[in-house]
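User: I would like to know what stands behind each label put on this model. Please show it, and then we can take the labels one at a time.

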Amino acid sequence: MIAFFEETPFKFPFKKNAVKQWVKLLLEKEGKQAGDINYIFCDDTYLHNINVTYLQHDTLTDIITFDYNEGEVVHSDIYISVERVRENAGIFGVNFEDELLRVLAHGLLHLCGYKDKTEADSAMMRTKEEEAMKLYNDK
């Protein structure tokens, strides 16, 4: 089951059923199945506390993905800072909805094994994010 939760005032800008279908399709293209995936939308303070408590990183971030995968079945809690996404959209010169979609895909791609610590890994991640966004827009 794919679910959406808000820990901060936030109106999800997409049709939830369309996003659920997209998540399943994206995972299928990567040879995975959707299990229990929870998207939790929060603010910077909420996500910073998770970052410090569970990852020992004292920084702001736009997304934290907890991987509970069982084989090819993807299970996760994906925390997204709406504040960070909004700020990053401005920095990158894109609209909020496109940046949010990119971040939604980013979390899923981590769950499929993609990394972003090296330049080469980051380049592959960006390519996969673009493919995922096109997949959403083409459906």
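User: Which residue of β4 is the bridge partner of Ile64?

Analyst: In β4, Ile64 has Tyr79 as its bridge partner. Tyr79 is also the β4 bridge partner of Ile40. This is a predicted model, in which local features need pLDDT of at least 70 and side-chain atom pairs count only at pLDDT 80 or more, while totals for chains, interfaces and linings use all residues. Residues are numbered from 1 along each chain as its sequence is written, and side-chain values use heavy atoms, with hydrogens and water left out.

User: What makes β3 and β4 a pair?

Analyst: Two strands pair if DSSP finds at least two bridges between them. β3 and β4 have five bridges, in the antiparallel sense, so they meet the rule. Strands here are DSSP runs of E with at least two residues, helices are runs of H or I with at least four, and both are numbered from the N terminus. Five residues separate β3 and β4 in their hairpin, and Gly71 in the turn has a positive phi of about 65°.

User: Why is the pairing in the sheet called mixed?

Analyst: The four strands run in the order β1-β2-β4-β3 in an open sheet with mixed pairing. β1 pairs with β2 (residues 33–42) in the parallel sense over five bridges, and β2 pairs with β4 in the parallel sense over eight. β3 and β4, by contrast, are antiparallel.

User: What makes β1 and β3 edge strands?

Analyst: β1 (2–6) and β3 (63–67) each have a single partner strand, so one side of each has no neighbour in the sheet.

User: Why is β4 described as largely enclosed?

Analyst: Buried means under 20% relative accessible area, exposed means over 50%, and partly exposed is in between (1.4 Å probe, protein chains only). Eight of the nine residues of β4 are buried, so the rest of the structure largely encloses this strand.

User: Why is Tyr79 called buried?

Analyst: Tyr79, in strand β4, has a relative accessible area of 15%, so it counts as buried. Leaving aside neighbours within four places in sequence, its contacts (heavy atoms within 4.5 Å) include Ile40, Tyr46, Leu47, Ile50 and Phe66.

User: What does helix α2 touch in the sheet?

Analyst: Helix α2 (residues 44–55) packs on the sheet and touches β2, β3 and β4 (73–81). Its direction makes about 45° with that of β3; angles run from 0 to 180 degrees between N-to-C directions, with axes fitted to C-alpha atoms, for helices over the stretch in contact. Helix α4 (residues 96–111) also packs on the sheet, touching β2, β3 and β4, with its direction at about 140° to that of β4.

User: How do you know that Arg102 and Asp62 form a salt bridge?

Analyst: A salt bridge is a side-chain nitrogen of Lys or Arg within 4 Å of a carboxyl oxygen of Asp or Glu. The closest N and O atoms of Arg102 and Asp62 are 3.7 Å apart, so the pair qualifies. Arg102 is in helix α4 and Asp62 in the loop between α2 and β3, 40 residues apart, so to speak linking distant parts of the chain. Both Arg102 and Asp62 are buried.

User: What makes Arg102 and Glu129 a salt bridge?

Analyst: Their closest N and O atoms are 3.2 Å apart. Glu129 is in helix α5 (residues 119–138), 27 residues from Arg102. With a relative accessible area of 1%, Glu129 is buried, and Arg102 is buried at 13%. Salt bridges that share partners join Asp62, Glu99, Arg102, Arg126 and Glu129 into one network.

User: Why does Glu99 count as buried?

Analyst: Glu99, in helix α4, has 3% relative accessibility, so it is classed as buried. Not counting residues up to four places away in sequence, Glu99 touches Val85, Asn88, Ala89, Phe92 and Val94.

User: Why is Val94 called partly exposed?

Analyst: Val94 has 36% relative accessibility, so it falls in the partly exposed class. It lies in the loop between α3 (82–92) and α4.

User: Are Asp138 and Lys134, which share a salt bridge, buried or exposed?

Analyst: Both are exposed. Their side chains meet at 2.5 Å, N to O, and both lie in helix α5, four residues apart, about one turn of the helix.
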